[in-house]
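Trainee: Can we go through the empty spaces inside this protein? I'd like to start with what lines them.

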Amino acid sequence: MLRTDVPRLVVAAPASGSGKTTVATGLMAAFAERGLAVSPHKVGPDYIDPGYHALATGRPGRNLDAYMCGPELVGPLFAHGAQGCELAVVEGVMGLFDGVSGQGELASTAHVAKLLKAPVVLVVDASSQSRSVAALVHGFASFDPGVRLAGVILNKVGSERHEMLLREALEEVGVPVYGALRRTPDVATPARHLGLVPVAERSSAAVDSVRAAAHMVREGCDLEGLLALARTAPPLATQAWSPGVPGARGTARATTTAPHPPKNPVVAVAGGAAFTFSYAEHTELLTAAGAQVATFDPLHDEHLPEGTAAIVIGGGFPEVYAPELSANERLRKAVAELARAGAPVVAECAGLLYLSRSLDGQEMCGVLDADARMSPRLTLGYRDAVAVSDSVLAPAGARLRGHEFHRTTMEPGAGPAPAWGMRLPAPRVEGFVQHGVHASYLHTHWAARPEIARRLVERCGAP
């Protein structure tokens, strides 16, 4: 067991919409501009915020999910991402104490903060209140003695007098104020049906948003005080997770799915504006398993990377780009041909839609005998899943945890050989397994089941 001494702090909030993403991203960028190597992290399954974190720090944004990966992997995954860094900033999820429904603190920001032994800074939307902020903060500070709520950053402060009233109120409860940020439209990030618009879709506009957030934080926050606070985090006894140590907990392990796997097969991973949802550890695990990982953009590339032996298509927003994806007929046919040949094809959520016959009437790859369309209903939540059919992703009977997040529906929702069986929110089977294809709405985090990458690579070229 090693010791991680990286200074760290958790940026939390009483509720979603308080401004924690703006503040966390601004802090990351402001400290990075000072020359610090900043490690960015996000509590929970969110893919979009880590894209802004990566833009702010120049390092991969990494998720810390105590539900999908288990509490025991939070420390190791943190240490893996923070290696060689001088500061780690962890953005929370929802409200500080909001976790998995019906399971107490599990996977909440508070839970992760305790696992990391990290001080918490609460971002409070101070609009429309003054002295009442003290009651709010006092409640959060006293709710769980195991959480060290070390300070507050006041957001959406209206004026100097408003700030004075807020600071006076917080003095009464003894909670330090590390910043007061004025209301400004300059750092607003556009959103749509699944949250913020990803970095890959905004290009220079995203860079401008991060710069504006950094400027706002520099002007309104006590950066020296926050850095000093981060340095009060005690040493964390943990072994850093590694994608390439066979047999170790949280590392890739060999399976027996193919006796003679090809050497260094090319695994093509979808990217670009339509497919932005991916965990950094997936690529690391594939590489450690012996694959050559090549990225392709289904919006623009007419051919798969040369020598492609398997395809991984993660989440994203194909519904936004359905006409463009449909227009790229050459690539759609190439994906379908590879799938028909039995090559491993793993598709999650957006990838599922792309493999369907059609999406909102636009022709897709036609690998699956199913059609997709937008829905007014948001499907969101953690899932406990059991593999119904043996596939390139998992053997039948394997259990894992995942996450659903979409506003689309598939008809039918499962094929003759379904991918997963789930009990909640209602008993059902979901997804498609056929030949080498595994397609489902379920997002998974392979760090929790690193054998997935090995299994996929070993299936490349298997009869």
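Mentor: Start with strand E19, which gives the most to the lining of the second largest cavity, with 4 residues. Keep in mind that this is a predicted model.

Trainee: Which other element supplies at least two residues there?

Mentor: Helix H13, residues 350-355, does so alongside strand E19, which runs over 399-411.

Trainee: And what volume does that second largest cavity have?

Mentor: About 50 Å³. Its lining has 10 residues, and those closest to the centre are Gly 316, Glu 319, Cys 349, Leu 353 and His 406.

Trainee: How does that lining divide by class?

Mentor: Into 5 nonpolar, 3 polar and 2 charged residues.

Trainee: Stepping back, how many cavities of 30 Å³ or more are there?

Mentor: The structure holds 3 of them. The largest has about 140 Å³ of space.

Trainee: Which residues lie nearest the centre of the largest one?

Mentor: Phe 277, Ser 278, His 282, Val 312 and Gly 314, out of 15 lining residues.

Trainee: Which element gives the most to that lining?

Mentor: Helix H10, with 3 residues. Helix H10 covers 280-288, and strands E12 (266-270), E14 (308-313) and E15 (345-348) also supply at least two residues each.

Trainee: What about classes in the lining of the largest cavity?

Mentor: There are 10 nonpolar residues, 4 polar and 1 charged.

Trainee: Last thing: how does one find where empty space is left?

Mentor: By rolling a probe the size of a water molecule over the atoms.

Definitions and conventions:
Residues are numbered from 1 along each chain as its sequence is written. This is a predicted model: local features need pLDDT of at least 70, side-chain atom pairs count only at pLDDT 80 or more; totals for chains, interfaces and linings use all residues. Side-chain values use heavy atoms; hydrogens and water are left out. On a 1 Å grid over the protein atoms alone, a cavity is a set of points where a 1.4 Å probe fits but cannot get out, and a pocket is an open set with protein on both sides within 12 Å along at least five of seven lines; lining residues have an atom within 4 Å of a point. Grid points are joined across faces, edges and corners, and a volume is the space filled by probe spheres set on the points. Ala, Val, Leu, Ile, Met, Phe, Trp, Tyr, Cys and Pro count as nonpolar, Asp, Glu, Lys and Arg as charged, and the others, Gly among them, as polar.
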